[in-house]
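Reader: I'm new to this one and would like to know how the labels people put on it are earned. Could you take me through a few?

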Amino acid sequence: MTKRNEQTKLPDLENTNLTISLTNFEQKLFNHLLAICKYYSLKTTIRVAGGWVRDKLLGRESNDIDLALDDMLGSAFGKYVNRYQTEVLKGKETTLAIIKSNPNLSKHLETTRMKIFGQWIDFTNLRNDDFAKGEEEVEGCTKEKNENKGKEEKKKQKQKEKETNREEEKEKEKESEEEEKNENNKTKKHTTSSTGQKIYLGDPKTDAHRRDLTINTLFYNIHSKSIEDFTGHGIHDLKNGIIRTPLPPLETFTDDPLRILRLIKYSTRYGFQIHEETAKSVNNEKLLHALRNNISKERIYGELQSILSSERPYLGFKKLCKLNIYSAIFYHRDYYQESFTQSTLKNLKKLKPLLSDIPKTRLPSVILGCLLLPYCKFVMKKKKNTIQMSNVILFQNLCFPKKLSNQVGLLHQGINQFIEILPTIEEISRSELGLIVRNYKESWLDIIVLCKIYSPHSGDFSKITQKINDFQLNDAWNLRPLLNGGDVKRILQIKKGPLIGQAIQAAFKHQLDFPNLNKKGIEEFIYNTLK
């Protein structure tokens, strides 16, 4: 197993008589759902799934309540919730937000979200053995498959009609064999999704084994008020701090390659060990290719952001590199090189002892800046401007917020500029250095940190820090210009024109070079120089 770092305090769990202490809201919600089932004589078993159960057993509160239904889609149960709201409670209906399944992007289950007692609750049906294939069937509606693929489907249909009777016979035999593989297939419950797809309803054991990690496979049955561990490993692994998959890792990750990042996220969040077999399976070319090409960038960003905002982001991205996932996430077809993963791992090790000096507000940009240091020298031309490649990767490829992406790009721009001025730092003027500091504001400190990591052989970057201190330019961005546009117009007796802007710049540069001058001295300089 991978080395365990700082970790969440492990719970004292036993396999029997486990209970969960419910908040007032949770008790009210579960009683409400049970009342709905009773009122409409529903045989539905409702279970709270995954993360809520895990966090409650770890002694953490959770508002992430995901409910799994054994005999219908979430949208169908949501309608019962609304019926009960209007017929029994005489209230108003709640909007049902249906997030459709999209197997091509590894989103296999349709999810229905609705607000109950002011909090968002998610409803889904249980997973089944067809989860990875994208075949889906429950109580819902009936339409033809995905209208967006209509033309392609018609072509495929025509090709099928041209097949020989012998091929058709073989196809029927294969379907029969497929059904016989599972005893439940004869009585398997099914329905249709909001897109008209046939959805086979799963059972809790199959659902648990089709989840990402064993610690996320636990259920809380709201009817029996009991915790259910259908994999037999969930409670054990939660108690012992182990991260592993319920099925053979390759099978679990093939179902949804994004689970590779979730593996890192939970290992980082709780300080749990990654099981050796699970860790080894990640370094698979087909899996990494699928993660890079088949998963939406929004979903990838969501997992990266979870790692970045955790208490141990450095540790998470270190694991990402050690498991050789860097190439699947921070990839650019024109600039990526095989050496980037190892160089980033070395950069992160150099960054670790420096993290304590960086304020939390600036930590995300510094960590991302360190992760993307291999791209530091690359820029993309856009009209008359140039954009740092790190900015492009974060904003365009991974959907990071524009502000954060721009900040990382600014750090990389600063690294290149600081490397350029270092050889002549002793001769640099106060105004030149002051304008540089004003451009980067407080980030100049982070640029120095990253310079030491990125280009240690370029020289002693502490000389730049010393020069800034000697010139007393540590907060030069807060310095207010003594002259404004109105002053320049008055001094030069002009109303408009490019000379005004040039004069303001010249005045401020002179102010930086001669910090003891007052406003009158700056005015005399402008008058004598530009009048």
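Reader: What makes α22 and α23 roughly perpendicular?

Author: Keep in mind that this is a predicted model. Helix α22 (residues 485-492) and helix α23 (residues 498-513) pack at an angle of about 110°, and their axes are 9 Å apart. Angles from 65 to 115 degrees count as roughly perpendicular, so α22 earns that label with respect to α23.

Reader: Which residues do the touching between α22 and α23?

Author: From α22 come Gly-485, Val-488, Lys-489 and Leu-492, and they meet Leu-499, Ile-500, Ala-503 and Ile-504 of α23. Sorted by kind, the residues of this contact are six nonpolar, one polar and one charged.

Reader: Now the sheet. What is the order of its strands?

Author: It's an open sheet of seven strands, running β3-β4-β5-β2-β1-β8-β9, with mixed pairing. From one strand to the next, the twist averages 30°.

Reader: Why are β3 and β9 said to stand at the edges?

Author: β3 (97-99) and β9 (226-228) each have a single partner strand, so one side of each has no neighbour in the sheet.

Reader: How do you know that β2 and β5 pair?

Author: Pairing takes at least two bridges, and β2 (residues 66-69) and β5 (residues 119-125) have four, in the parallel sense. Leu-69 has Asn-125 of β5 as its bridge partner, and Leu-67 has Phe-123 there. Leu-67 is also the β2 partner of Val-48. β1 and β2 run antiparallel, joined by three bridges.

Reader: What packs on this sheet?

Author: Helix α1 (residues 24-39) does, touching β1, β2, β4, β5 and β8, with its direction at about 115° to that of β4. Helix α3 (residues 74-87) lies across β1, β2, β3, β4 and β5, at about 20° to β4.

Reader: How many disulfides are there?

Author: Zero, after a search of the whole structure.

Reader: Why does Cys-321 have no bond to Cys-370?

Author: A disulfide needs the two sulfurs within 2.5 Å. The closest cysteine sulfur to that of Cys-321 is in Cys-370, 8.8 Å away, so the pair is too far apart for a bond. Cys-451 is in no disulfide either: the nearest cysteine sulfur, in Cys-376, is 7.8 Å away.

Reader: Are Cys-321 and Cys-451 buried or exposed?

Author: Buried means under 20% relative accessible area. Cys-321 is at 2%, so it counts as buried. Cys-451 is at 0%, so Cys-451 counts as buried too.

Terms used:
Residues numbered from 1 in each chain as written. Predicted model: local features only at pLDDT ≥ 70, side-chain atom pairs only at ≥ 80, totals over all residues. Heavy atoms only, no water. Helix = DSSP H or I, 4+ residues; strand = E, 2+ residues; numbered from the N terminus. Axes fitted to C-alpha atoms, helices over the stretch in contact; angles between N-to-C directions. Contact = heavy atoms within 4.5 Å. Parallel < 35°, antiparallel > 145°, perpendicular 65-115°, else oblique. Nonpolar A, V, L, I, M, F, W, Y, C, P; charged D, E, K, R; others polar. Buried < 20%, exposed > 50% of the residue type's maximum accessible area, 1.4 Å probe, protein only.
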